[in-house]
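Colleague: Before I use this model, I would like to go through the words in its description and see what stands behind each of them. Could we take them one at a time?

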Amino acid sequence: MAKRNGKPTKNENYQFQKLKMCKKCQRYSVLKDPICPVCGKYYKKFDQLVRKSVMKRFILEAIWILTVAGLAVLFAPTSQIMYYLAGGVMFCISYIIVTSIFLKSEYHYQLKKRLRNDLRKIQAGIRFESNLAKEAESEGQLEAAYEKLCEIGDFVYSDEVKIRQVIVLNKLPLRSGVEPELERLIPSSYDKNFVKYALKVLKKNRARFTKRCITYFIRNREKIMIDFGEDALIAIADTALRMKLYILEFSSFIEEFLPDLPKERIQRLCSIILANPDLDWGSLKVRTIELIGRKYRNDPDFKRFLVNERIISRA
């Protein structure tokens, strides 16, 4: 699947702006579908409903004030009409100015209040749409199910939603020319489905493996060893050699699987160490020298590195 753009759109800077509501069904939605699948009515944006409610209240209060001021002027003594009229106009203007100043605060207050009051309705709406994703998956509409789960996942940050996305992704082939998602789907605890998907991505595009991904594998290495074997961890150690910063960060992990890494990866490691003599590589450098001295001593590809180390040692 293509990498989704996790950034909010121009008109959606906040999470609550993804919420929509069907006024007929009184059900909330976080999917992109503009029409309610039950009644066929168009959804209304939640924040727009709250803003409309606040403005309606403001207008009603202004009408009441104008009505009272008008009645006061109407029944005022003839000699004091101008005073009543001036006082009414000043009061109305003051009300509009003060209300305008606090209108934004009132909007956010009503927004939070509505979210608290309708929390159960929002949860029910998300469960309803989660079931729609399940139905799509069971009917073989995997891409539609994944899109629904992604939209729910953009609103609900939970391991349950992430793992459901991963389960669907494991059923879908990785497309050539399309960047697969990974980091956004990392769960907070070990999950076999995620590791299976991550290893699938690793074969397709090692560049998708970030520091967080590697850390996840190292943190859960014992369970991964049981479920997927040592080869999975060797593949992660190999991937950590992509960047100098990763090598420094995960040097002890790389060192553990150093003898199992392919020749070209050892060459890369040697080149990076040789190009950065001032960095503290710790025991990784020592183990690397020992390995090439034992395994690649007569290999011309490593001659430059061994000669360089001898010169440094004599100095």
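Modeller: Let us begin with helix packing: angles under 35 degrees count as roughly parallel, over 145 as roughly antiparallel, 65 to 115 as roughly perpendicular and the rest as oblique. Axes are lines fitted to C-alpha atoms, for helices over the stretch in contact, and angles run from 0 to 180 degrees between N-to-C directions. This is a predicted model, in which local features need pLDDT of at least 70 and side-chain atom pairs count only at pLDDT 80 or more, while totals for chains, interfaces and linings use all residues. Residues are numbered from 1 along each chain as its sequence is written, and side-chain values use heavy atoms, with hydrogens and water left out.

Colleague: Why are H8 and H9 called oblique to each other?

Modeller: H8 and H9 pack at an angle of about 125°, with their axes 7 Å apart, and because that angle falls in none of the three named ranges, the pair is oblique. Where they meet, Arg 221, Ile 224, Met 225 and Phe 228 of H8 are in contact (heavy atoms within 4.5 Å) with Glu 230, Ala 232 and Leu 233 of H9.

Colleague: What makes helix H9 largely enclosed by the rest of the structure?

Modeller: Buried means under 20% relative accessible area, exposed over 50%, and partly exposed in between, with a 1.4 Å probe and protein chains only. Eight of the 11 residues of H9 (residues 230–240) are buried, so the helix is largely enclosed; among them are Leu 233, Ile 234, Ile 236 and Asp 238. The buried residues of H9 pack against helices H6, H7, H8, H10, H11 and H12. For the whole protein chain, buried residues make up 39% of the 315 residues.

Colleague: How do you know that Asp 299 and Lys 263 form a salt bridge?

Modeller: A salt bridge is a side-chain nitrogen of Lys or Arg within 4 Å of a carboxyl oxygen of Asp or Glu, and the N to O distance between Lys 263 and Asp 299 is 2.9 Å. The pair links distant parts of the chain, with Asp 299 in the loop between helix H13 (283–295) and helix H14 (303–314) and Lys 263 in helix H12, 36 residues apart. Lys 263 also meets Asp 301 in a salt bridge, at 2.8 Å from N to O. Because Lys 263 lies in helix H12 and Asp 301 in the loop between H13 and H14, this second pair ties together parts that are 38 residues apart in sequence.

Colleague: Are these partners buried or exposed, or something in between?

Modeller: Asp 299, at 16%, is buried, whereas Lys 263, at 29%, and Asp 301, at 43%, are both partly exposed.

Colleague: Why is Glu 181 called buried, and what is its partner Arg 184 called?

Modeller: Glu 181 has a relative accessibility of 4%, so it counts as buried, while Arg 184, at 28%, is partly exposed. The closest N and O atoms of their salt bridge are 2.8 Å apart. The structure holds 13 salt bridges, and Arg 206, Asp 238 and Arg 265 are linked in a network of them.

Colleague: What makes Val 68 exposed?

Modeller: Val 68, which lies in helix H1 (residues 46–74), has a relative accessible area of 52%, and therefore counts as exposed.

Conventions: Helix = DSSP H or I, 4+ residues; strand = E, 2+ residues; numbered from the N terminus.
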